[in-house]
Every structure is written in C-alpha cells, then in structure tokens.
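Please look through the sequence and the model shown here, and then follow the paragraphs below, which move from the strands to the packing of the interior and finally to the open space.

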Amino acid sequence: MAMLEVKDLHVYYGMIHAIKGISFEVNEGEIVALIGANGAGKTTTLHTVSALLSPKKGSILFEGQDITRTPAHKIVSMGIAQVPEGRRVFSEMTVLQNLKMGAYSRADKSEIESTLEMVYRRFPRLKERRNQPAGTLSGGEQQMLAMGRALMSHPKILLLDEPSMGLSPILVNEIFDIIDSVNKAGTTVLLVEQNAKKALNIANRAYVLETGKIVKEGPAHDLMNDDSIRKAYLGEDS
C-alpha cells in the first residue's frame with residue numbers, strides 16, 4: 001500500500017481548471033518528484049494534498065485513510081508537513097521561535113527538545129543563529145529554517161515546494177544534499193522542483209506535469225535519459 005495516493009484529482013481556481021484528473025502515489029521511504037514548467041500545476045497539487053485547497057473531484061489517501069476533506073491543521077498532526085515556496089518564515093520571530101512553531105501540533109511535548117537537537121545537528125547554522133530574527137537570515141538560511149520548522153512536526157512525509165528557488169548554485173547543492181539525508185534518515189519526500197536535473201538526480205521516481213495533467217511518469221533515471229524530457233526540462237538536445 002502506498003503511503004500517499006492521489007486519485008483522479010480535479011482542482012479549480014474559479015472557472016480555471018488547474019488540475020485535470022491527475023493520479024499518482026508515493027511509497028514509504030521514497031523521494032518522488034513532480035516536475036514541469038511554471039503554471040503546470042505542481043504547487044496547486046501540493047496545496048491540495050496539504051488541504052490548503054479543496055478539490056472539485058477526486059480523492060487523497062494517506063496511509064489508507066481518506067483525507068480529501070480533512071482540515072489543514074489535522075493534516076499536519078497526521079504526519080504531513082509542507083515547506084512552502086518562498087520559505088514563508090516568521091521574519092520578526094527568532095530562529096528558535098520559528099522552529100518551535102513547527103511543533104505546535106505535537107502531543108508528545110517532552111520529545112520536542114530532542115527533535116530540536118536533531119534539527120540543529122542537521123542545520124548547524126540554525127543553532128548558531130537561534131536567537132536572531134528570521135528576517136535577518138540569508139535566503140539559503142531561511143530555506144534551511146523552513147525545512148527545519150517542518151521537521152519539527154516529526155512528519156512521515158515532507159512536501160517540498162521549489163526548495164532551490166532563488167538560491168546560488170552552491171546553496172542549491174547543499175539543500176539537495178540535506179533533502180537526500182533527511183530521506184535516508186527515514187522521511188518520505190514529495191518534491192516539487194523546477195530544477196528538473198537536481199530533482200531527478202535524487203528522486204526514486206518522478207511525474208511530469210503539463211497544464212494540469214501528468215504526461216509522463218517512471219523511474220527518475222529513465223526520465224533523466226528520456227530525449228523529450230532532456231530537451232524540454234534539462235536544457236539538453238537529444
């Protein structure tokens with residue numbers, strides 16, 4: 001049984017049919033990438049999974065349970081955490097306060113400190129800057145903070161929306177190394193990313209979205225070597 005199953009999902013913005021009947025699944029322990037151009041529907045898909053948007057039709061199952069109409073705050077409690085596009089840290093609050101906000105839904109309050117230490121081990125710069133306002137961090141550090149905040153909820157699956165956006169190539173490499181290590185430590189990942197080459201390099205499988213539809217899917221390695229994908233998304237001629 002897949003950890004996350006999306007079946008025949010249709011999502012509208014007013015009269016605009018943004019997601020047109022997509023189906024995909026994410027198995028426990030995988031990194032699954034959703035790739036596609038701007039406006040393909042990648043972020044809309046993530047927002048619908050995390051209950052920030054409601055589908056017109058279709059279903060979303062998490063660990064076999066239908067969560068299609070479950071409110072967003074309960075989704076987090078069930079083990080789904082999203083790192084939003086643009087990071088969205090609380091700029092006036094300190095790094096530590098931001099991280100603790102990530103654990104607001106947890107019932108095991110006694111375990112939060114040990115999760116915080118795990119986040120600090122993974123992101124040493126956050127520990128160094130724990131008393132700084134989040135708004136004073138660099139873009140890369142804010143991305144680390146957004147990821148650390150999501151990990152504070154102790155998620156079973158992490159939804160990552162454009163983690164490399166606006167970052168220098170060196171920081172992009174660092175962020176993808178962290179995503180890989182978070183996955184290897186046991187967290188399943190659903191990754192939305194415009195940098196298709198980076199996404200396919202670390203993913204197990206991938207789905208390609210075009211104008212709200214899945215047009216290709218398969219093992220990431222196979223898609224990396226697909227001529228049409230290389231030309232359209234990797235900037236390579238066949």
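His10 has Lys20, in strand E2, as its bridge partner. The two strands concerned, E1 (residues 4–13) and E2 (residues 16–26), pair in the antiparallel sense over eight bridges, where strands are DSSP runs of E with at least two residues, helices are runs of H or I with at least four, both numbered from the N terminus, and pairing requires that DSSP find at least two bridges between two strands. This is a predicted model, in which local features need pLDDT of at least 70 and side-chain atom pairs count only at pLDDT 80 or more, while totals for chains, interfaces and linings use all residues. Residues are numbered from 1 along each chain as its sequence is written, and side-chain values use heavy atoms, with hydrogens and water left out.

The hairpin of E1 and E2 has two residues between the strands, and Gly14 there takes a positive phi near 60 degrees. E1 also pairs with strand E4 (residues 57–62), again in the antiparallel sense, over five bridges, and Glu5 stands opposite Leu61 in E4.

Turning to the interior, the largest nonpolar core holds 49 residues, of which Leu99, Leu126, Ile179 and Leu200 touch the most other members. Such a core is a set of buried Ala, Val, Leu, Ile, Met, Phe, Trp, Tyr and Cys residues joined through side-chain atoms within 4.5 Å, buried meaning under 20% relative accessible area, exposed over 50% and partly exposed in between, with a 1.4 Å probe and protein chains only. A second, separate core of 25 residues includes Ile19, Ile22, Phe24 and Val192.

Helix H1 (residues 42–49) is largely enclosed by the rest of the structure, because six of its eight residues are buried; these are Lys42, Thr44, Thr45, Leu46, Thr48 and Val49. Just after H1, Ala51 takes a positive phi of about 70 degrees.

H1 also contributes to the lining of the largest pocket, to which H1, helix H2 (72–78), strand E6 (80–83) and helix H6 (139–151) each supply at least two residues. The lining residues divide into 13 nonpolar, seven polar and three charged, with Ala, Val, Leu, Ile, Met, Phe, Trp, Tyr, Cys and Pro counted as nonpolar, Asp, Glu, Lys and Arg as charged, and the others, Gly among them, as polar. A pocket here is an open set of points on a 1 Å grid over the protein atoms alone, where a 1.4 Å probe fits, with protein on both sides within 12 Å along at least five of seven lines, and lining residues have an atom within 4 Å of a point.
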